Amino acid sequence: MADTPPGPTGEPVLGSGRRYADDPFAFIAALEESYGDISRFEMGPIPTYMVTDPDAIERILVSDADGFRKPAFQGDALGELLGEGLLLSEGKTWKRQRDLAQPAFSMRRLLGLSDRITDHATAMTDGWGAGETIDVETEMARVTLRVILDLMMGVELPEDRIDTVQSQLEPLGRRFEPDPLRYAIPDWVPMPGDAEYEAAIGTLDDVLDEIIERRRGTDGDPSADDGPMDFLSVLLRAQGRGEQSAQQLRDEMMTMLLAGHDTTALTLTYTLFLLSEHTEVRERVEREVDEQLDGSEPTAADVREFEYLEWVINEAMRLYPPVFALFRTPEEPVELCGYTVPEDGSVMLPQWGVHRSARYWDDPEAFDPERFSPDRQEDRPRFAFFPFGGGPRHCIGKHLAMLEAQLILATMISEYRLEFEGETPLDLSPSLTMHPRQEMTMRVRNRTE
Ligand code: HEM
């Protein structure tokens with residue numbers, strides 16, 4: 001067995017950091033095409049093993065999940081932002097918090113809240129006028145933020161507080177744009193942008209404090225076990241029983257606020273972009289939505305019946321996965337695809353590389369929602385598509401995201417058609433999630449026009 005997988009030779013100190021930072025998407029695609037299942041490169045001092053074989057991905061995320069942990073974020077920038085919230089915590093803390101959170105994300109609870117999601121979507125479209133242009137990425141972030149605040153924190157925020165949250169997202173995102181220097185020097189060395197990053201965290205902490213204080217009076221009573229089941233109420237009750245520190249509660253709320261809306265907003269943005277560019281697909285979705293809704297507002301029962309709309313959303317996440325790569329660190333040296341990965345190695349599982357690989361997808365660049373029809377899925381490995389990760393650490397918000405995306409899209413599509421007026425192709429920015437760099441301006445057209 002060869003010890004080191006093939007891969008590019010990087011520069012001294014930076015490794016392949018500069019090439020990766022220049023265009024991570026092209027870099028990932030080139031490695032996948034040249035080396036296949038596994039390749040190795042250096043991200044600054046860190047040996048990185050990129051794995052694109054779906055069976056190996058399944059092993060890492062599902063069957064051997066115990067043998068891997070999330071990379072050491074504690075003390076670094078992401079750790080400072082999200083702390084010990086669900087996305088980053090490990091071991092007993094993670095298990096306890098995940099068990100606590102689960103009922104808030106149960107399908108039964110979510111289906112019962114569908115009308116509330118549709119209400120938020122309708123309030124958004126009521127504010128649009130035919131002929132005007134909107135920035136779709138911002139609009140989608142606002143509506144998904146309102147949904148997460150309502151369903152998981154039990155609050156509605158006034159417009160100016162929504163603006164406050166939204167204006168922090170850019171400085172936060174900028175901090176995670178790949179920068180070869182960041183890979184090469186320690187985290188504590190001050191860098192441009194750090195002050196803005198700290199300030200953004202401080203502002204979001206203030207908003208969360210306000211929300212928590214507002215709710216504490218209503219749900220902090222530990223005896224109120226039959227109280228509301230939104231995640232914040234559940235955590236406040238646990239705190240009342242002495243089972244949740246203020247810091248843990250803050251970390252969960254910050255994780256929920258950020259992980260809970262940006263990814264869904266991006267999924268909606270990319271779906272709307274693709275629908276605008278592909279007339280036949282758009283017309284077929286419009287027909288499905290019209291026939292199913294028959295003039296009414298979308299409900300949970302309608303979502304159960306939508307088929308093509310779900311394929312369209314999946315196909316959008318295949319081409320534009322909001323989370324474009326996952327990272328893990330092995331607990332001890334491990335054999336992957338015939339090579340040994342050492343315990344200080346970083347394992348990268350790139351949705352971007354796998355979702356667009358010609359090894360698993362015919363004509364991978366084409367937008368073709370039919371790929372997700374049952375008969376065309378038969379021969380495809382399960383982990384050729386993993387927008388929500390997999391195994392014990394899979395996305396807790398997966399069902400909420402899919403329900404929400406369908407309700408919001410159906411609400412919009414039943415009345416409007418959006419025409420993309422920005423520049424193509426999309427210029428993508430790799431931060432914690434994958435954002436378009438250009439403004440996603442779209443013109444609102446009345447469907448009856
Ligand atoms: C289309 C929308 C979404 C996408 C593509 C997405 C993607 C992901 C992925 C790939 C992971 C796994 C990360 C890893 O294994 O390292 C994840 C985890 C997570 N997601 Fe999502 N997500 C979405 C929506 C949501 C929503 C709506 C929420 C909350 C309401 C949410 C909350 C979380 C949390 C808390 C975790 C960590 C779970 C754990 O480790 O136990 N996500 N998400």
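**Exercise 1. The shell around the ligand**

Task: In this predicted model, find how many residues surround the ligand and which are the closest.

Solution. Start at the ligand and look outward: 24 residues surround it, and the closest are Gly260, Thr263, Gly389, Cys395 and Gly397. Next, see which helices take part. At least two shell residues come from each of α8 (136-153), α13 (246-259), α14 (262-277) and α20 (398-415). Finally, sort the shell by class: 15 residues are nonpolar, 7 are polar and 2 are charged.

**Exercise 2. A leucine in helix α8**

Task: Work out whether leucine 145 is buried or exposed, and which residues it touches beyond four places away in sequence.

Solution. First locate the residue: leucine 145 sits in helix α8, one of the helices that supply the ligand shell. Now count its surroundings. A residue is buried if 20 or more other C-beta atoms lie within 10 Å of its own. Leucine 145 has 23 C-beta neighbours inside 10 Å, so it counts as buried. Setting aside residues up to four places away in sequence, leucine 145 touches Ile162, Val165 and His261. As a last step, follow the chain to leucine 157, 12 residues apart from leucine 145; their C-alpha atoms are separated by 9.7 Å.

**Exercise 3. Two helices in contact**

Task: Decide how α15 and α17 are oriented to each other, and name the residues that make the contact.

Solution. Helix α15 spans residues 279-293 and helix α17 spans residues 308-319; they pack at an angle of about 140 degrees, with axes 9 Å apart. Angles over 145 degrees would count as roughly antiparallel, and those from 65 to 115 as roughly perpendicular. The pair is therefore oblique. On the α15 side, the contact is made by Val281, Arg284, Val285, Glu288 and Val289, and on the α17 side by Tyr308, Leu309 and Val312. By class, this contact has 6 nonpolar residues, 2 charged ones and no polar ones.

Just past the end of the helix, look at aspartate 294, in the loop between α15 and α16 (300-305). Its phi is near 50 degrees, a positive value in a residue other than glycine. Aspartate 294 counts as exposed because it has 8 C-beta neighbours inside 10 Å.

**Exercise 4. The five-stranded sheet**

Task: Put the strands of the open sheet of 5 strands in order, and find which are the edge strands.

Solution. Strands of a sheet pair through backbone hydrogen bonds, either parallel or antiparallel. Here the order is β1-β2-β8-β5-β3, with mixed pairing. The edges are β1 (38-43) and β3 (68-69), each of which pairs on one side only. Although β1 is an edge strand, 5 of its 6 residues are buried, leaving it mostly covered.

Now zoom in on two pairs. β1 and strand β2 (residues 46-51) are joined by 6 bridges in the antiparallel sense, with methionine 43 bridged to isoleucine 46 in β2. Their hairpin has 2 residues between the strands, and glycine 44 there takes a positive phi near 60 degrees. Strand β5 (residues 326-330) and strand β8 (residues 346-349) also run antiparallel, joined by 3 bridges. In this pair phenylalanine 327 stands opposite methionine 348 in β8.

Then step off β8 to proline 350, in the loop between β8 and α18. Proline 350 counts as buried because it has 25 C-beta neighbours inside 10 Å. Apart from neighbours within four places in sequence, proline 350 contacts Ile28, Met50, Thr52, Phe324 and Ala325.

**Exercise 5. The three-stranded sheet and a cis bond**

Task: Find the order of the 3 strands in the antiparallel open sheet, and say where proline 425 is placed.

Solution. The strand order is β4-β12-β9, with β4 (133-135) and β9 (416-420) as edges. On average, neighbouring strands of this sheet are turned by 40 degrees against each other, direction ignored. β9 pairs with strand β12 (residues 441-446) over 5 bridges in the antiparallel sense, and tyrosine 416 stands opposite asparagine 446 in β12.

Now leave the sheet for the loop between β9 and β10 (428-430), where proline 425 is placed. The peptide bond from threonine 424 to proline 425 is cis, with omega near -10 degrees.

Definitions and conventions
Residues are numbered from 1 along each chain as its sequence is written. This is a predicted model: local features need pLDDT of at least 70, side-chain atom pairs count only at pLDDT 80 or more; totals for chains, interfaces and linings use all residues. Axes are lines fitted to C-alpha atoms, for helices over the stretch in contact, and angles run from 0 to 180 degrees between N-to-C directions. Helices (H or I, at least four residues) and strands (E, at least two) are DSSP runs, numbered from the N terminus. Angles under 35 degrees count as roughly parallel, over 145 as roughly antiparallel, 65 to 115 as roughly perpendicular and the rest as oblique. Two residues are in contact if their C-beta atoms, placed from the backbone, lie within 7 Å. Ala, Val, Leu, Ile, Met, Phe, Trp, Tyr, Cys and Pro count as nonpolar, Asp, Glu, Lys and Arg as charged, and the others, Gly among them, as polar. A residue is near a molecule or strand if its C-beta atom, placed from the backbone, lies within 6 Å of it. A residue is buried if 20 or more other C-beta atoms lie within 10 Å of its own, exposed if 12 or fewer, and partly exposed in between; C-beta atoms are placed from the backbone. Two strands pair if DSSP finds at least two bridges between them.
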